[in-house]
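The following exercises are to be worked through with the sequence and the coordinates at hand. Each task is followed by a solution in steps.

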Amino acid sequence: MYFIGIDIGTTSVKIIAIDEDGKIVKSVSKEYPLSYPKPLWSEQDPEDWWKQSINGFKELLDDLDKKEVKAIGFSGQMHGLVTLDENDKVVRPAILWNDQRTEKECNYLNNEIGQSKISQWTGNLALAGFTAPKILWLKENEPDNFAKTKKIMLPKDYVAYKMSGVFATDMSDASGTLYLDVKNRKWSSEMLRVLGVTESQLPDLFESYEAIGCMKPDIAQELGLSKDVKIIIGGGDQAVAAVGGGVVKAGSCSLSLGTSGVVFTSNEDFFVDENNSLHSFCHANGKYHLMGVTLAAAASLKWWVEGINKSDDFDGLLNEAKDAEVDDQLFYLPYLMGERTPHNDPNARGTFIGLNITHERKHMTRAVLEGVAFSLRDTFEIMKAMGVEINDISINGGGAKSTFWCEIIADVLNVKVNKLNSNEGPAYGAAILAAVGFGRFHTVEEACSQFIKITESINPNEENSKIYNEKYGKYTKIYPATKELFKQLI
Ligand SMILES: Nc1ncnc2c1ncn2[C@@H]1O[C@H](COP(=O)(O)OP(=O)(O)O)[C@@H](O)[C@H]1O
Ligand SMILES: O=C(CO)[C@@H](O)[C@H](O)COP(=O)(O)O
């Protein structure tokens, strides 16, 4: 038996097949472009997700016994606004999670409607990347497109819809729209009224491990699969990555080093932190979770390696950076796309501070890795202040390929960092949800306990932790000192 997990990531679609014991049999990945048509904008064409998903499936299934494929589970980048017209054609490019154009709409929601109502209705506050402010933006700036929109969905739901014909989403991904009543796991009628959207424009809600239907016969035929292959809706990539990392028990913690960086804890019950500064969302196991998000984590490294150094040699640049001593005077702020946790500031910008004549590329690469780790520590500190006790974290995402970066994170957070038998994060979690939805397991927890193994633990280095603790103290002073300047510069 094979279960397939598909993750519609920001840089690529990743598809993996696992067997009934959770062993990865094959994995493929297909890239697609990301466009920044204007400052603050970030968009993708949903058709690219679909085309590359089909190409990826064909490659994955090439040498697998197709009749053994039983179920497909989904995961995807969260918050993206996908709009379809009455003929199910995409109305405009999807507006992504890291798009920052909605400051005005967020101010309207948080200040005019008011934070207390928004939080009471949804469990969260308006942030620029969330879906609700994007709908308000569309209504105001592209009224013809708004009028044409008959279906509103999230990235993975678009691919699942094309594959199954069922208009569906799940609680974990829907949490990031800001029009789900997270606590009660239903659409918020109050928020829909504010947005001018009706429930008929929204997908039906499922839990992440539930089957929404089967593969459409024409797609099954194209891929050589049975039309009885079950489609399991899956979830937002962060909740699903947490499943892939076994973070399903209350208090357990994961860290994702994808395009974004995320610190995530699993909770039994719905909970909102004092300042509502963390995302308070439904988990993919039917319960709840909290997370904080830095918008440019591995995106900072990709920008540095590919964009600035015009190289594709990630390992080469990272190896070079190992030679640089920890330098307590050189800092990097990773706010290339504005920032969510803890500043919630679309105007924040990336910065190197403290450069001197002796600095070389290796020092700057190291500063990039450290700056992302410090930004993740900001969320970690909020969680610790809430009384969440974190002794170890499981790590996933493309950045976790670098043991050096994992070591820096262990030192900066002063916790043990666990690498797992699968570094495929969301795609692996999606395959686990497929196995649960097919009926191989009764619960997500049962599947995780059988499939997930720690392969390597990285303990913090006491001396480096001390140095980084002091360096973090200085780091936290840079954003407040530059905040007003960033605003004036934009
Ligand atoms: N060898 C490497 N070491 C560390 N990071 C890497 C390496 N190769 C790629 N990456 C990082 O992995 C990121 C992609 O991670 P991934 O989890 O696939 O992101 P997403 O799901 O957002 O598409 C790239 O942005 C890049 O910075
Ligand atoms: O906005 C969020 C979570 O709230 C991001 O985590 C996106 O879901 C995209 O994730 P990656 O592409 O970085 O995995």
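**Exercise 1. The annotated N-terminal region and the domains**

Which residues does the UniProt annotation "domain: Carbohydrate kinase FGGY N-terminal" cover? Describe this region and the division of the chain into domains.

Solution. The model is a predicted one.
Step 1. According to the unreviewed UniProt entry, the annotation covers residues 2-244.
Step 2. Over residues 2-244, helix makes up 37% of the chain and strand 26%, while the end C-alpha atoms are 16 Å apart.
Step 3. The chain is divided into domain 1 (2-245) and domain 2 (294-418 + 460-489). Their C-alpha centres lie 29 Å apart.
Step 4. Contact between the two involves 10 residues of domain 1 and eight residues of domain 2. On the domain 1 side, these residues divide into four nonpolar, five polar and one charged.

**Exercise 2. The annotated active-site residue**

Determine where the residue listed as "active site" lies, and decide whether it is buried or exposed.

Solution.
Step 1. The unreviewed UniProt entry lists Asp237 for "active site".
Step 2. Aspartate 237 belongs to helix H9 (residues 237-244).
Step 3. A residue counts as buried if 20 or more other C-beta atoms lie within 10 Å of its own. Aspartate 237 has 35 other C-beta atoms within 10 Å and is therefore buried.
Step 4. Apart from neighbours within four places in sequence, aspartate 237 is in contact with Asp7, Gly9, Ser75, Gly76, Gln77, Met78 and Pro426.

**Exercise 3. The surroundings of the two ligands**

Identify the residues around each ligand and sort them by character.

Solution.
Step 1. Ligand 1 has 18 residues around it, of which Gly9, Gly258, Thr259, Ala298 and Gly398 come nearest. Helix H10 (298-308) and helix H11 (314-322) are the elements that give two or more residues to this shell. H10 gives the most, with four residues.
Step 2. By character, the shell around ligand 1 comprises five nonpolar, 10 polar and three charged residues. At least three of its residues come from each of domain 1 and domain 2.
Step 3. Ligand 2 is surrounded by 16 residues, and the closest are Thr10, Met78, Trp97, Gly258 and Ser260. This shell divides into four nonpolar, 11 polar and one charged.
Step 4. Gly258 is thus named among the nearest residues for ligand 1 and among the closest for ligand 2.

**Exercise 4. The nonpolar core and helix H13**

Find the residues with the most contacts inside the largest nonpolar core, and explain why helix H13 is described as largely enclosed.

Solution.
Step 1. The largest nonpolar core has 147 residues, and those with the most contacts inside it are Ile409, Ala431, Ile432, Leu433 and Ala434. Each of domain 1 and domain 2 supplies at least three residues to this core.
Step 2. Not counting residues up to four places away in sequence, alanine 434 touches Phe3, Ile4, Gly5, Ala71, Ile72, Gly73 and Ile232.
Step 3. Helix H13 (residues 403-413) is largely enclosed by the rest of the structure because eight of its 11 residues are buried. Among them are Trp405, Ile409 and Leu413.
Step 4. The elements against which these buried residues pack include helix H12 (361-385), strand S21 (392-396) and helix H16 (462-489).
Step 5. Just after H13, asparagine 414 takes a positive phi of about 55 degrees.

**Exercise 5. Backbone features in loops**

Locate a cis peptide bond and two residues other than glycine with a positive phi, and assign each to its loop.

Solution.
Step 1. As a reference, most residues other than glycine have a negative phi, and most peptide bonds are trans.
Step 2. Threonine 341 and proline 342 are joined by a cis peptide bond with omega about 5 degrees. Proline 342 lies in the loop between strand S19 (331-333) and strand S20 (351-353).
Step 3. Leucine 40 has a positive phi near 80 degrees. Its loop runs between strand S3 (24-31) and strand S4 (43-44).
Step 4. Asparagine 276 has a positive phi of about 55 degrees. The loop that holds asparagine 276 is between strand S16 (261-267) and strand S17 (279-282).
Step 5. Leucine 40 is partly exposed, with 17 other C-beta atoms within 10 Å. Asparagine 276 is likewise partly exposed, with 17 other C-beta atoms within 10 Å.

Methods
Residues numbered from 1 in each chain as written. Chains lettered and ligands numbered in written order. Predicted model: local features only at pLDDT ≥ 70, side-chain atom pairs only at ≥ 80, totals over all residues. UniProt positions renumbered as here; feature names shortened; annotations may be inferred. Buried ≥ 20, exposed ≤ 12 C-beta atoms within 10 Å, placed from the backbone. Contact = placed C-beta atoms within 7 Å. Core = buried A, V, L, I, M, F, W, Y, C linked by C-beta atoms within 7 Å. Domains from an automatic or database assignment. Near = placed C-beta within 6 Å. Nonpolar A, V, L, I, M, F, W, Y, C, P; charged D, E, K, R; others polar.
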